[in-house]
Amino acid sequence: MPQLINLNVFKNFLRSSNAGGTLLFFAVIISMIVANSSFAQPLQQLLDRQLGFENESIHLKYSILLWINDGLMAIFFLMVGLEIKREIVEGELSSPKKASLPILCALGGAVVPALVYLSLNAGSDTTSGWGIPMATDIAFALAVISLLGNKVPASLKIFLAALAIVDDLIAILVIAFFYSSGIETTYLGYAAIALAVLIAMNRLNIQNPYLYLIPGVFVWYFVHHSGIHATIAGVLVALTIPTNDTDIESPLERLEHALVKPVNLLIIPIFAFANTNITLESSMVQGLTSSLGLGISLGLLLGKPIGILLTAFLCQKLKLSTLPENSTWRHILGVGLLAGIGFTMSIFIALLSFESVIHIAEAKLAILLTSLLAGVVGYLVLRSGKNWNAISRTAIK
C-alpha cells in the first residue's frame, strides 16, 4: 500500500533545533488572527473556563489561562533551572567571574528601562507603569536565539538564559513588593518545608529525578498561594536535583533531556497562543506616541540594551567578570536587544499597573510591537556575525 504522507519530513522537523521557534512564531500569528476575528470571544471564553478541584482545604480551581501561565510555565522554568544549575556546576557559569556577569547585567537591564519610563511619565497618571519595561520574556528570547543555531556561541545562549532568569526574579520581586496586595507568609513557610524535603532528598543522594517532582508539586502549590508568581517554584525545585561534573549522566541531565521536547514543542507554543490573543483597537494605535507608549517602547528597545551593555562594560573594566566564552560586544548588544522582548511578564505588570482600560490597551500594543521589533533587530544583529567582525577589523586598521 503506497504511503500517502511522508512522515520523515515531519519527524525531521521535530528533531531540528528550529522546530520550537517555528511553532512559537506560528502560534503567535494564529492567536493574533483569531483574536481579531469572530472567534475572539469564543477563544476568550475558553481561556476563562474554570478547571480543577476546590474545597475548604484545597484550592485548585482556576481558569485555563492561569493553568497555562502558572502551571505549564512552571515546567518550562523547571527545565531552564536545570540547565542553569548544570552550567553552574560544570559549565559556563562555574566560575565566579562568569556567573556574576549575567546577574549584574540583569540588574542594569532592569534599572535603566525603569528610569527611561519614569523620565517620560513622572508625575502623570501613568507613573505606576514603571515596572513594565523591566521584564524580559525568557520563553520568547530563548526561542529567537535558538533559531540562530551554531551562528552564536553556546555560552551566549547560557548567558541569555541566566540573564533572563535573574531578570524574571527581579520582576517577580517588583510585583511582590510594589504590585501585590500582600504576601501570605504562612504559605511561604509551607513552601520552605517542602523545599527542605527536596534538599534532604538531595543530601540522601536519591538518584531518581522523578521522585523530586512529588514534593515539587507541593512547592508549586504553596508558592502559588503565597502571592509570589508560581513559576519561581520550577527554578527552586530544579536547584535541588542532583548533578555532577563527570561524564556519567546525572539525574538532572536525565530530567532535562526528558523535558526538552515537551517544553519546546508543546508548552511554549500553547503559552504563546494563549497570551497573544490581543484584539487590536484604534485607541491602542494613538497610544503608541503617548508618554505611556514611548516609555514602554524606549525602555524595552533602548533601555534594555544600554543597561546591559553599560553594565557588561563596567564589569569588564573593573575586572569583576569576563564576557561569555567566544563572544564579542556584538553578541552582548544582540542579547541586550533580545532582552527587550518583554511580552508576557510586561503585559502582566501592565494589567497590575492600571485600572484604565485605555491605558491597558495602549500598553499591550506598545509591548507587542516593541517586543517584535526587539526580537527581529536582535536576531539580525546576532546573525550578522561574520560581516560585523569584518567591519570591526577594517575599522581598526
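## Helices 8 and 9

Helix 8 crosses helix 9 in a left-handed way. Keep in mind as you look around that this is a predicted model. Helix 8 covers residues 185–203 and helix 9 covers residues 213–226; their axes come within 8 Å and cross at roughly 160 degrees. Angles over 145 degrees count as roughly antiparallel, so helix 8 and helix 9 are roughly antiparallel to each other.

Which residues in helix 8 and helix 9 meet? On the helix 8 side you'll find Y187, L188, Y190, A191, A194, L195, V197, L198 and M201, and on the helix 9 side P215, G216, F218, V219, Y221, F222, V223, H225 and S226. Sorted by class, this contact has 15 nonpolar and 3 polar residues, with no charged ones.

## Helices 15 and 16

Now on to another pair. Helix 15 (residues 343–353) and helix 16 (residues 357–383) have axes that come within 10 Å and cross at roughly 165 degrees. That makes helix 15 and helix 16 roughly antiparallel to each other, and the crossing of helix 15 past helix 16 is right-handed.

From helix 15, the residues in the contact are F343, S346, I347, A350 and L351, and they meet I360, A363, K364, I367, L368 and S371 of helix 16. The contact splits into 8 nonpolar, 2 polar and 1 charged residues.

## The largest pocket

Next comes some empty space. The largest pocket holds about 910 Å³. It is lined by 41 residues, and those closest to its centre are N69, N275, T344, F348 and L351. L351 may ring a bell: this helix 15 residue is also part of the contact with helix 16.

Which elements give two or more residues to the lining of the largest pocket? They are helix 4 (64–90), helix 6 (138–146), helix 7 (154–179), helix 11 (251–275), helix 15 and helix 16. The lining is a mix of 23 nonpolar, 13 polar and 5 charged residues.

## The cavities

How many cavities of 30 Å³ or more are there? The count comes to 2. The second largest cavity has about 30 Å³ of space, and its lining is made up of F77, I165, D168, L169, I172, T231, I232 and V235.

Helix 7 and helix 10 (232–238) are the elements that give two or more residues to that lining. Helix 7 gives the most, with 4 residues. By class, the lining of the second largest cavity has 6 nonpolar residues, 1 polar and 1 charged. Helix 7 also turned up earlier, among the elements lining the largest pocket.

Note on methods:
Residues are numbered from 1 along each chain as its sequence is written. This is a predicted model: local features need pLDDT of at least 70, side-chain atom pairs count only at pLDDT 80 or more; totals for chains, interfaces and linings use all residues. Side-chain values use heavy atoms; hydrogens and water are left out. Axes are lines fitted to C-alpha atoms, for helices over the stretch in contact, and angles run from 0 to 180 degrees between N-to-C directions. Angles under 35 degrees count as roughly parallel, over 145 as roughly antiparallel, 65 to 115 as roughly perpendicular and the rest as oblique. A crossing is left-handed if the near helix is turned anticlockwise from the far one by less than a right angle, and right-handed if clockwise. Contact means heavy atoms within 4.5 Å. Ala, Val, Leu, Ile, Met, Phe, Trp, Tyr, Cys and Pro count as nonpolar, Asp, Glu, Lys and Arg as charged, and the others, Gly among them, as polar. On a 1 Å grid over the protein atoms alone, a cavity is a set of points where a 1.4 Å probe fits but cannot get out, and a pocket is an open set with protein on both sides within 12 Å along at least five of seven lines; lining residues have an atom within 4 Å of a point. Grid points are joined across faces, edges and corners, and a volume is the space filled by probe spheres set on the points.
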